[in-house]
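Me: I would like to understand how the labels given to rings and cysteines are reached. Could we go through them step by step?

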Amino acid sequence: MEAAGEAAAVSAEELRAPAAFVASLQPEMAATAAVVLPERLQRREAERQQGVERQRQKKEAQVVKEEQSEFFVAAFAREREAVEALLAAGPLEEAAVRLQGLQKLLTESVRFLAPYEVRQGQEAVARLQGDLAARRQQLQPKKKFAFRALKKEAAPGSEPRPAEPARPAAAPPAPGHGPAEGESSGPPLCGFSGAEDEELELGPAELLQRDVVLSELRGCRVRLRGNANTLRVRDCRGCTVLCGPVSTSVLVDGCSDCLLVLACQQLRTHRTRNSRFYVHVTSRAVIEDCTKVSFAPYAWSYAGIERDFESSGLDRNRNNWNLVDDFDWLVADKPSPNWSLIPEQERISCWD
């Protein structure tokens, strides 16, 4: 009986030992849980605070962007009205200067404007450039009427003088095509039209702040050394165009299989295919209804080009040659299949 009592006592002690051990562990487990729980809450609170800060910054950026957009719209409308008034009654040189300022305002505001605002601004500037060209054409002095001397009969025995070869006449406009966007309906103030397989060139004195039009050329090589005001390249096939700095805009419309080397504030390309562009552009280039067009940085040089860049007002340190907006491609997370960058190893470096 005594032995049985001792066994029962031992068993009871053994049974109480694990319970005491567990009880002794409970405060330590509770302390550990108390440490882990606040750390987790702290991390969650930090993440929440970061999310709130991101939302605040995003909202502030949106407000700033909207304010900038509102300021641009008001300033652009004010300057556009001033240019229109000068075109109607004021000196055209002042209108040209104000128009250049309007173009610069648009170029510097592109980064925070919506695409439709950019397009509206570009169309307004192009229309004003066309109006300016038309007004200049209207104000050109007309040729004075004069009697033409009668041809003298050739003396007996003398050989008739051979007639001078005539310059190729401009080809008639293609059926169904009106003036290009921003182009006046009158004859071009400066440029070439209707030539085929020719070397064509204009120099600084001929180009200075002039509006230049190249239209319906076939297989020609054109060198424009100087500072033009605007350039229009329209309905050209298989041509190479090397152009010095243009103060405002370049429009390429309806061209194919061409190589174009251009420096400008604004480049717009419509209905063009299989063409390569070497560009210095201070805004973002725009393409529309184009296929298989490719881009590389401007790489042409000639004697006097630095002077022409200075007179053009273009910023040599700002070139967005690889930033192209395709108005036919609205997918944000995929690149447009209509344009590409020319690989460095395939770029032309010598143009002579």
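Reply: Let us begin with a definition: a disulfide is a pair of cysteine sulfur atoms within 2.5 Å. In this model, which is predicted, the structure holds zero disulfides.

Me: How do you know that Cys 220 has no bond to Cys 239?

Reply: The closest cysteine sulfur to that of Cys 220 is in Cys 239, at 5.0 Å, and a disulfide needs the two sulfur atoms within 2.5 Å, so this distance is too far for a bond. Cys 239 is likewise in no disulfide, since its nearest cysteine sulfur, that of Cys 236, is 4.9 Å away.

Me: Why is Cys 220 called buried?

Reply: Buried means under 20% relative accessible area, and Cys 220 has 2%, so the word applies.

Me: What makes the pair of Phe 72 and Phe 76 tilted?

Reply: Their ring centres lie 5.3 Å apart, within the 6.5 Å limit for a pair, and their planes stand at 35 degrees, which is neither under 30 nor over 60, so the pair is tilted. Both residues lie in helix α1 (residues 2–89), four residues apart, about one turn of the helix, and both are buried.

Me: Why is the pair of Phe 295 and Trp 339 called edge-to-face?

Reply: The centres are 6.1 Å apart and the planes meet at 85 degrees, which is over 60, so the pair counts as edge-to-face. This pair links distant parts of the chain, with Phe 295 in strand β12 (residues 291–297) and Trp 339 in strand β14 (residues 339–341), 44 residues apart. Together with Phe 277, Phe 295 and Trp 339 form one aromatic cluster.

Conventions
Residues are numbered from 1 along each chain as its sequence is written. This is a predicted model: local features need pLDDT of at least 70, side-chain atom pairs count only at pLDDT 80 or more; totals for chains, interfaces and linings use all residues. Side-chain values use heavy atoms; hydrogens and water are left out. Rings of Phe, Tyr and Trp (its six-membered ring) pair if their centres lie within 6.5 Å; planes under 30 degrees apart count as stacked, over 60 as edge-to-face and the rest as tilted. Helices (H or I, at least four residues) and strands (E, at least two) are DSSP runs, numbered from the N terminus. Buried means under 20% relative accessible area, exposed over 50%, partly exposed in between (1.4 Å probe, protein chains only).
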